[in-house]
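Okay, everyone, thanks for coming. I'll put the model up and then talk through the packing.

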Amino acid sequence: QVQLVESGGGLVQPGGSLRLSCAASGRGFSIYIMAWYRQAPGKQRELVATITRGGSTNYADSVKGRFTISRDNAKNTVYLQMNSLKPEDTAVYYCNKSPFMITASTRFDYWGQGTEVTVSQ
């Protein structure tokens, strides 16, 4: 059974940093493409970043240059380092995984509980 556990969220001031983690259960973590999504209040969930098996990354324009996705296959964990945070980054952040390419239109049957990030003075 798939289980994704996100952590690391919290309250941070504008310009600050946070590092999110997502621990995935199950076998074969290294074969999956991993992704971070976020959902702001009253908005649809949006794709933030992806990382392939080989470590190639892709980012939404809104976070390029500020966020970095990485993975540790030995720990079955994917990370999202978020720097220069802005109030508009406030959202619940989720991770997910797929053996296939992940795009903004990819649908998942399962989501973890997410981790909440609030950027405010």
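So, F108: its relative accessibility is 17%, and that's under the 20% cut-off, so F108 counts as buried. Keep in mind this is a predicted model. F108 pairs edge-to-face with W111, with 5.4 Å between centres and 75° between the planes. W111 itself is partly exposed, at 23% relative accessible area.

W111 has another edge-to-face partner, Y37, at 5.0 Å centre to centre and 90° between the planes. Y37 is in strand 4, while W111 is in the loop between strand 9 and strand 10, so that pair ties together parts 74 residues apart in sequence. Y37 counts as buried, with 4% relative accessibility. Put Y37, F108 and W111 together with Y94 and you've got one aromatic cluster. There's a charge here too: the charged end of R45 sits over the W111 ring, 3.7 Å from its centre.

Okay, on to the core. The largest nonpolar one has 28 residues, and W36, L80, M82 and Y93 have the most contacts inside it. Strand 3 gives the largest share, 4 residues. Apart from that core there's another, of 5 residues, including I33, A35, Y37 and I102.

Back to Y93 for a second: among its contacts beyond four places in sequence are W36, L80, M82 and T115. What does the side chain of T115 reach? The backbone nitrogen of G9, at 2.9 Å. T115 is in strand 10, and T115 counts as buried at 9% relative accessibility.

That's my tour; over to you.

Note on methods. Residues numbered from 1 in each chain as written. Predicted model: local features only at pLDDT ≥ 70, side-chain atom pairs only at ≥ 80, totals over all residues. Heavy atoms only, no water. Helix = DSSP H or I, 4+ residues; strand = E, 2+ residues; numbered from the N terminus. Buried < 20%, exposed > 50% of the residue type's maximum accessible area, 1.4 Å probe, protein only. Polar contact = N/O pair within 3.5 Å; in protein donor to acceptor, adjacent residues only side chain to side chain. Core = buried A, V, L, I, M, F, W, Y, C linked by side-chain atoms within 4.5 Å. Contact = heavy atoms within 4.5 Å. Phe/Tyr/Trp six-rings, centres within 6.5 Å; stacked < 30°, edge-to-face > 60°. Lys NZ or Arg CZ within 6 Å of the ring centre and 35° of its normal.
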